[in-house]
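Please walk me through this protein chain, beginning with the way its strands pair and going on to what lies between them.

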Amino acid sequence: QVQLVESGGGLVRPGGSLRLSCAATGSIFTIYDMGWYRQAPGKQRELVATITSGGSTNYADSVKGRFTISRDNAKNTLYLQMNSLKSEDTAVYLCNAKTPAGFPFRDYWGRGTQVIVSS
């Protein structure tokens with residue numbers, strides 16, 4: 001069992017930056033593939049970025065070059081550095097932990113943190 005708690009959201013002006021954090025407790029953090037997803041009002045949840053247990057990253061085209069995903073296994077924490085924010089980045093950002101291939105499937109979600117990009 002893994003518990004995920006996001007923080008760091010807020011209101012920011014276009015062009016600004018935010019750093020989201022996701023603190024994980026309850027299991028061995030290092031084995032999980034981690035990711036950030038977002039959901040805007042009236043829209044489907046979409047992938048933002050993922051990072052495997054080995055550190056390989058993947059980004060949605062819409063955030064490439066602006067967002068950086070990272071993890072600190074010693075602190076059991078996942079991060080998302082968001083720069084050059086745009087109004088279309090406004091959404092609830094959710095943290096996800098998923099077991100990699102070869103392990104029994106487990107999929108955990110946090111409750112999310114709100115990001116609002118507005119002038």
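**Strands, core and disulfide**

In this predicted model, strands β3 and β8 pair in the antiparallel sense, and six bridges join them. Within that pairing, leucine 20 has leucine 80 of β8 standing opposite. The two strands belong to an open sheet of four strands, whose order is β1-β3-β8-β7 and whose pairing is antiparallel. At the edges of this sheet stand β1 (3-7) and β7, and each has a single partner strand, so one side of each is left without a neighbour in the sheet. Direction ignored, neighbouring strands here are turned against each other by 15° on average.

One residue of the edge strand β7 can be followed in some detail, namely threonine 68. This residue is partly exposed, its relative accessible area being 42%. Leaving out residues up to four places away in sequence, threonine 68 touches Tyr59, Tyr79, Leu80 and Gln81. Asparagine 58, which is 10 residues from threonine 68 in sequence, lies 9.6 Å from it in space, C-alpha to C-alpha.

A further group of pairings involves β11. Strand β2 (residues 10-12) pairs with β11 in the parallel sense over three bridges, and there valine 12 has valine 117 as its bridge partner. The pairing of β9 with β11, by contrast, is antiparallel, again over three bridges, and in it valine 92 stands opposite glutamine 114 of β11. The two faces of β11 can be told apart: Thr113, Val115 and Val117 make up the covered face, whereas Gln114 and Ile116 make up the uncovered one.

Is threonine 113, on the covered face of β11, buried or exposed? Its relative accessible area is 10%, under the 20% limit, and threonine 113 is therefore counted as buried. Not counting residues up to four places away in sequence, threonine 113 touches Glu6, Ser7, Gly8, Gly9, Leu20, Ala91, Val92 and Tyr93. With one of these residues, glycine 9, there is also a polar approach, in that the backbone nitrogen of glycine 9 lies 3.1 Å from a polar atom of the threonine 113 side chain.

Which residues have the most contacts inside the largest nonpolar core? That core has 31 residues, and those with the most contacts inside it are Leu4, Met34, Trp36, Leu80, Met82 and Tyr93. At least two of its residues come from each of β3 (18-25), β4 (33-39), β5 (46-51), β7 (67-72), β8 (77-82), β9 (91-98) and β11 (113-117). Leucine 4 shows how such contacts are spread along the chain: its neighbours within four places in sequence left aside, it is in contact with Cys22, Ala23, Ala24, Met34, Cys95, Asn96, Ala97, Tyr108, Trp109, Gly110 and Arg111.

Two of the residues in contact with leucine 4, Cys22 and Cys95, are themselves linked. Cysteine 22 and cysteine 95 form a disulfide in which the sulfur atoms are 2.1 Å apart, and the count of disulfides in the model comes to one. The pair links distant parts of the chain, since cysteine 22 lies in strand β3 and cysteine 95 in strand β9, 73 residues apart. The link is left-handed, with -80° about the S-S bond, and both cysteine 22 and cysteine 95 are buried.

Note on methods
Residues are numbered from 1 along each chain as its sequence is written. This is a predicted model: local features need pLDDT of at least 70, side-chain atom pairs count only at pLDDT 80 or more; totals for chains, interfaces and linings use all residues. Side-chain values use heavy atoms; hydrogens and water are left out. A nonpolar core is a set of buried Ala, Val, Leu, Ile, Met, Phe, Trp, Tyr and Cys residues joined through side-chain atoms within 4.5 Å. Buried means under 20% relative accessible area, exposed over 50%, partly exposed in between (1.4 Å probe, protein chains only). Contact means heavy atoms within 4.5 Å. Two strands pair if DSSP finds at least two bridges between them. Axes are lines fitted to C-alpha atoms, for helices over the stretch in contact, and angles run from 0 to 180 degrees between N-to-C directions. A disulfide is a pair of cysteine sulfur atoms within 2.5 Å. A polar contact is a pair of N or O atoms within 3.5 Å; within protein, one must be able to donate a hydrogen and the other to accept it, and residues adjacent in sequence count only if both atoms are side-chain atoms.
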